[in-house]
Structure formats: C-alpha cells, structure tokens
Amino acid sequence: MEDFLSQLNEVQRKAVETTDGPVLIIAGAGSGKTRTLTYRIAYLVKSKRALPSQILAVTFTNKAAREMKERLTALLGDQVIPLWIGTFHSVCARILRTEADKIGLSRSFTIYDTDDSVRAIRKLLSNKGLSPQKYNPKIVHSKISRLKNQFRLPQDILEDEPQDEYDQVVAEVYQEYQNFLRKNHALDFDDLLIRPIEVFDNYPEIRKKYIQKFKYILVDEYQDTNHAQYLLLKRLVNEQKNLCVVGDEDQSIYGWRGADIKNILNFNRDFPKAAVFKLEENYRSHNNILKAANAVVKNNQSRLGKSLWTKKKDGPKINILMASDELDEAKKVVEIIHDEMYTHKRSFKDIAILYRTNAQSRALEDQFRKNAISYNIVGGVKFYDRKEIKDLLAYLKVLVNPADSVSLRRIINFPLRGIGDTTVTKIERFAEMEKITLFEALGQVENIANISAAMGNRVIQFYELMKKFMDLSDKLGTVELVSTLATETGIIHHYQTEYDQYESESRIANIRELFASIDHFTIEREKEGRDSSLASFLEEVSLLTDVDTWNSSSNAVTLMTLHAAKGLEFPVVCITGLEMGLMPLQRSTADLDELEEERRLFYVGMTRAMESLYLTYATKRRRYNSSIINEPSLFLDEIPPELIEYRAQTQKTRTSSKRSKSSARREKIEAYFHNEDDQTNQGDEFRVGQPVYHETFGKGQIIQLEGHGDKMKITVHFFKDKINKKLIKKFANLSPLEN
DNA sequence: CAGCTGTATCTTTTT
DNA sequence: GATACAGCTG
C-alpha cells in the first residue's frame, strides 16, 4: 500500500486517503487529476472500504471511462469489472433500463438524438399550424432542453403562465413533446437525466437500493455538470455523503448547454464540511506555456483562483503566426508541422490542431491532403451521423422498438418503395384516431380510407418485412441479423447503384464498419457479462461522444474543436483562427459571462500543449459567401509579450519583419481596444436607470455602469427573462430608449 | 401522388 | 457548401 501511494504527490495522496465525507478536488490543468481519481478508486478497493460494485464513477466521455477502467485493471486486475463507470447519460440509461419494468417504461426504449428530437418538434409545431419561420424548431428544442436541464417540468411552466406568446408556445410544445416521446417509447438526452430523478422521488425503494449500492461516488469534470445532474447526485449520495468531485472552474466550457459553474463554486455550501484539495502542480506543460495560460485566465472574474506551477523548464516561447487568410493559415500550419517533424523529430501523432468551429477544418484538411500529412478529424460529421449509418440504425431502432415513429418515418420509404408523404400522413391520422402506433396502423392499412389497394399492398409488404425481422431478431445473432437486413431491405443495393463508384464504395465500407463495431461490442459486453443485446448496442451508439470514436493510436495529426480537446494532451498544439468574431465568437463578445467562457476555452486549448504551442490568426477569412476582415483576438493581447515570439513570415524574411509586424499588430489592438478618445457619442448616453433595448434580450434597464469608453461594462436587467447581464459596451449594441 | 429539382438558410461549441 | 423544404412534373 505504501509503495502504491508513493506514486502520488502529497496533496494527491491526501485527496486519495480522505475517503469519507464530501471531497472537492480542485484540479488545475495537467495536475494529475485522472491519476488521482484512479488511485482513489484503487485505494477504496485495496483498503477494503468498498467492493468495486459499490463504487460509481462518472466521467465526461466514454473514452475517459474506458481509459480509467484500463488503468484500474492494471492496478487491481479483473475484479474491477463490476465497477460502474461511465458518463452521466450512460449511467442513467443503465439505471432506467434496469428499472424499466417497475416504472412503466418500455425496456426497449429508444434514445432520440438532437436530430430526432428536432424532427419531432418540427412536426408538433406544424400540427399546431405554426410557421417554422416564426418558431424555429431548433430554437424551440434548445429552449425545451434548457428547461429540462433545469428540471422544470411542463406543468410547472404552464402554471407559471408564460409572459409572452413565444414562451407560451414553447411551454405547450414542451408538454406535447413529452407526450410524443412517451407514445414513442423514446427518451431524449435530457430525459435520461431527468427521469431517474423522478423515479427516485416517486419510488423511494428504488432510490434506497441505489443509495445502498453506491457507497462511494466520484464525479470528474464537475465544473461542467448541469442542474439536473446536480439534483441526481443529491438523490444518489448516501448518508455519509461519500461524494468526491473533481473539477476546475477555469475549464468550465459548457455553460451554453446548461452546465452550471455554480455547482463547483458552491460545493462547500451544498455539502458542508467538505474537504477541499487543490492540485496546483502541473506535470504537463513547459513553464512558458503555463505562464501564458495563467496570464490569460487571470482576466476572468468568476473563478475560485489558483496558481498553477511547474518544475519543468521554460521551453520554447509561444509562437504567434499571422496569415492573410484561411488558406495561408493552413499553409503555415503545414510549415509548423514540417518544422516540428524535422527539427524536433516529432511524428504526426504528437501534433494537434485546434479550432473554435468545425467549419474551420476544411481549409486545413485540403492542405494536409496536398502535403501528404495524415490526419484524424474528431467530431465534425460523425460516423454514426452519416446518412447510410443513420438509416440502417433507424431500421434497427424500429425492430427493437416498433413504437418509435421518428425512426419509422425515416425508413418507411427508404430505399424508395413508393410510399410517399401523403400516404404516410393518412396512415398517421388513422393511427391517431385509433389510438394505435404508426407501426400497428401499417398492419391495418386496408381499413384506411383513400388508400388504394396497390398502395396498401406496398405498405403491407414493408410491414411484413419488418415483422419478419422482428421474429428473426431472437433467432439470429446481432451481426447476422443486421447484415441480412441490410441486404433484404435493399439498402446495400441502393448504395451500390445510386452513386458514383467512389461514393458507393465509401458508403458500403461504412456499413461494413458498422457490422464490425456491432461485432466488437457484442464480444466486449459478453466478456464483461453485461447486456449485449441490439437494444444495448443502440443505446451505446446514441451516447457516444466525439472523442469516443477517435482512434488515438494511429500516427496522424489530430484535428478537433477546442471543446473536444478537453482532457487531452499533445506535445505540440496549434490553435488556429484566433480572431475577433471567431475566438471569441461574435455572439459571445458582448456578454461578459460568455466572453469569460470563451477565454476559458482558449485556456483549455493552451493547456493541452506539453512542449510547443503555436497560435495562428488570419486577417481575412471567408465565411460562406463573403470575406470578412478580422482583428486578432483580444486573448492574444493578454499573453505577456516576453513569452511570445512572432513568426509572421517564413524563415527567410522573418528577422527583418519581426519587429515591425509585432508592433503593428500591437498598435492595431491598441487602436481597437484601448482608444477611448475617439468615441463619437461618449459620455452621458447611458446612465443608471436608463431604459435600453437589446436585439436578443429585449427591453431592460441599466442597473450598473463600470469603466468608461468602449470598455465600459454595463449591467442590465432584462424584463422578459428577468435576468441581469453584464455587457461590454463596445459589442453589446444597446440602444437607449426614451422613458 | 411520388419523386425530382431548385432555392433558402444556415454553422458555435455537444450529451 | 450542405441540407431541408417547397414547388413542379410526369
């Protein structure tokens, strides 16, 4: 035991040994967080405080879960198998699947992804006769999702009597949407979190079972948990409050999807007498990188505050490169890669290129292909989001859960079998009237008025085909079932004939890859003695994250968003697109909270780098049709100049232009940010109490002013959402209203 | 009435 | 620069 713990530093070791009661570990970037968590679990088992089956560990991605389990297996052997480890969503799905019978939920429920949910909402809106222009299904969906994450149920909201028409519609659609999901035996991502909370509240004996089961709970990336996840933990944690959370408020980057940074900031209040440990020694990055990152994040106000330090040497300076446009930027990235490879003997896999938006990958990909640089792209169009895969999965979802009408609609006329929209609508109406599912209605198509015998025949054929496979699903192995299905439904044939050779081959290859992954899944699950059914495969697939599908062992440069990079590290990191409007993103520049989140995102990116960090920006960038001229990101200006080396030009011209380029850039930023004198209407335009109007938030009233000129921060109370927002004058676009 | 073709609208990040 | 939807055609 001594020996085992000797691999930790003093704080880490204390965090591991403080097993009972609430524990908060503030773990800075690269401070050995995963190591600490892993050793904590191992320690709980080795010291006989808990059996592996009595421990629940929640990670942010499935990949992190898998890696942690591997490390634990190395420390403890096969006994770790019964340990519960996974993301919030997968753990919740597992609980719901287990308890389904007792809580009136179909055991074979389907999980709807965002796309499915938006489809459903679009339909509900059009049923109400509302135009998608006025009520954008995506926006309605995100509002509903937000409400769910806050654990606000439809009835509560309707009782509250929404203020404006839009909110009223959202509340109504929210309720209808929940009914729709229930009818379809479907849960969306948010339901996965909410339903267990309801179950625990309505079935105390079920809650008790889990409280007793999980003697110790550990949560990673606690700064990115939302309110629903918080409520869930509150219900799951036992009398002794054996809850250990690990997080870093400086790396909270999911506020936009409902993550509540207060969860970590207020942990002490929620769980009194929590032991707090701060891991501040960074084992990852060269000192220059760390100093730069610290200097940037220091500009944020909402943080607990910590100072990361390292014993490592300074290392090279941070390289900043200016490019003329995204093409030039991509070429410079290629230069960086070559340079790192030849002068520092790096291989492709040592290098990661990060960006704010997925769209930025295109220019990079083109250049990489031209220069024979192998790359792996994480995220973007995901494997399981490809059309051919989604179609095949939709078939499987219907087999497992015939009530799933969203999936059924997707496949009823794919491949084309002459059952068009009009016919489907008729069948849908019939199903509605008879109070049966869409699938059941297919079987009774002869009873539906206005459907010709010929059409009815096509419908019946499809119905019988699906029936046949439902029967087969018990008899065949999953892979056999799926491959037979792909052939007999004509999907394979469709992709063989409908596309050019290149596309056809790649789509068929993807389908084969799906077979292989089903096979792999089945074997893995059987080895663990867990559910290996088709339903469980579909669940796993629905809950995969971007990084989960990343093959990190292949020798290729990694391209991904800054969000996806969380938790990872690379010897060489290059962050691209460091321009105003892109990083920080245009719509996040005005709101101080959002600007701080963008800064944290940049901080996360910087701290991924172990040895070399490159930052690039383009003065001009194409964005769909037109080119836009951008200033360099304000975050660049927050890095202390002595840590920076500008590489504005290629090797030859560098020495001559270095000075001028850097000072020119500097002047530009100065002009952009700090020039307060040339304000045209500076002064008494805004005052406390002033009524103002904002494009998105509507009417509000100024309650506080700080600073002056462009940098002035204006706190406004917006009436509609009853919220206060701190905005930066320069970007906020606030117009004063007359009283 | 199914299926094809042209146009409008997006893209911030994701479980 | 793709995708979804409306409108047209056969």
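Let's start with a pair of side chains: Asp 250 and Lys 306 are joined by a polar contact of 2.9 Å. This is a predicted model, with DNA strand B surrounded by 27 protein residues. Below is a quick tour of the DNA surface, the helix packing, two buried residues and some backbone oddities.

**Around Asp 250**

- Asp 250 sits in the loop that runs between strand S7 (243-247) and helix H13 (262-265).
- Despite that loop position, Asp 250 has a relative accessible area of just 1%, so it is buried.
- Leaving aside residues up to four places away in sequence, Asp 250 touches Val 297, Arg 303, Lys 306, Arg 600 and Tyr 603.

**The surface near DNA strand B**

- Of the 27 residues around DNA strand B, the closest are Arg 356, Thr 423, Lys 426, Thr 545 and Arg 587.
- Sugar and phosphate make up 55% of the DNA strand B atoms that come within 4 Å of the protein.
- Sorted by class, this surface has twelve polar, eight nonpolar and seven charged residues.
- Helix H20 (residues 421-434) is the top contributor here, with four residues.
- Asn 413 places a polar side-chain atom 2.8 Å from a phosphate oxygen of DNA strand B.
- For Lys 138, a polar side-chain atom lies 3.3 Å from a phosphate oxygen of the strand.
- Asn 358 uses its backbone instead: an N or O atom there is 3.0 Å from a phosphate oxygen of DNA strand B.

**Helix packing: H18, H23 and H26**

- Helix H18 (residues 387-400) and helix H23 (residues 478-488) have axes that come within 11 Å and cross at roughly 115 degrees.
- That crossing of H18 and H23 is right-handed.
- On the H18 side, the contact involves Leu 392, Tyr 395, Leu 396 and Leu 399, which meet Leu 481, Val 482, Leu 485 and Ala 486 of H23.
- The H18–H23 contact has eight nonpolar residues, with no polar and no charged ones.
- Helix H26 (residues 534-542) has eight of its nine residues buried, so the rest of the structure largely encloses it.
- The buried set in H26 includes Glu 539, Ser 536 and Ser 542 alongside Leu 534, Phe 537 and Leu 538.
- H18 and H23 turn up again as packing partners for the buried residues of H26, together with helix H5 (88-99), strand S4 (110-112), helix H10 (189-202) and helix H25 (501-528).

**Val 16 in helix H2**

- Val 16 belongs to helix H2 (residues 10-17) and counts as buried because its relative accessibility is 0%.
- Its contacts, again not counting residues up to four places away in sequence, are Leu 5, Leu 8, Thr 36, Tyr 39, Arg 40 and Tyr 43.
- Val 16 and Leu 5 are eleven residues apart in sequence, and their C-alpha atoms are 8.7 Å apart.

**Backbone oddities**

- Phe 414 and Pro 415 are linked by a cis peptide bond, with omega near -10 degrees, and Pro 415 lies in the loop between helix H19 (405-411) and H20.
- Another cis bond joins Met 583 and Pro 584, with omega at about 5 degrees; Pro 584 is in the loop between strand S13 (570-575) and helix H27 (592-606).
- Lys 273 isn't a glycine, yet has a positive phi of about 60 degrees; this residue is in the loop between helix H14 (267-270) and strand S8 (275-279) and is exposed, with a relative accessible area of 83%.
- Asn 450, also not a glycine, has a positive phi of about 70 degrees; Asn 450 lies between helix H21 (438-443) and helix H22 (453-475), in the loop, and counts as exposed at 66% relative accessibility.

Technical notes
Residues are numbered from 1 along each chain as its sequence is written. Chains are lettered from A and ligands numbered from 1 in the order in which they are written. This is a predicted model: local features need pLDDT of at least 70, side-chain atom pairs count only at pLDDT 80 or more; totals for chains, interfaces and linings use all residues. Side-chain values use heavy atoms; hydrogens and water are left out. A residue is near a molecule or strand if one of its heavy atoms lies within 4 Å of it. A polar contact is a pair of N or O atoms within 3.5 Å; within protein, one must be able to donate a hydrogen and the other to accept it, and residues adjacent in sequence count only if both atoms are side-chain atoms. Helices (H or I, at least four residues) and strands (E, at least two) are DSSP runs, numbered from the N terminus. Ala, Val, Leu, Ile, Met, Phe, Trp, Tyr, Cys and Pro count as nonpolar, Asp, Glu, Lys and Arg as charged, and the others, Gly among them, as polar. Axes are lines fitted to C-alpha atoms, for helices over the stretch in contact, and angles run from 0 to 180 degrees between N-to-C directions. A crossing is left-handed if the near helix is turned anticlockwise from the far one by less than a right angle, and right-handed if clockwise. Contact means heavy atoms within 4.5 Å. Buried means under 20% relative accessible area, exposed over 50%, partly exposed in between (1.4 Å probe, protein chains only).
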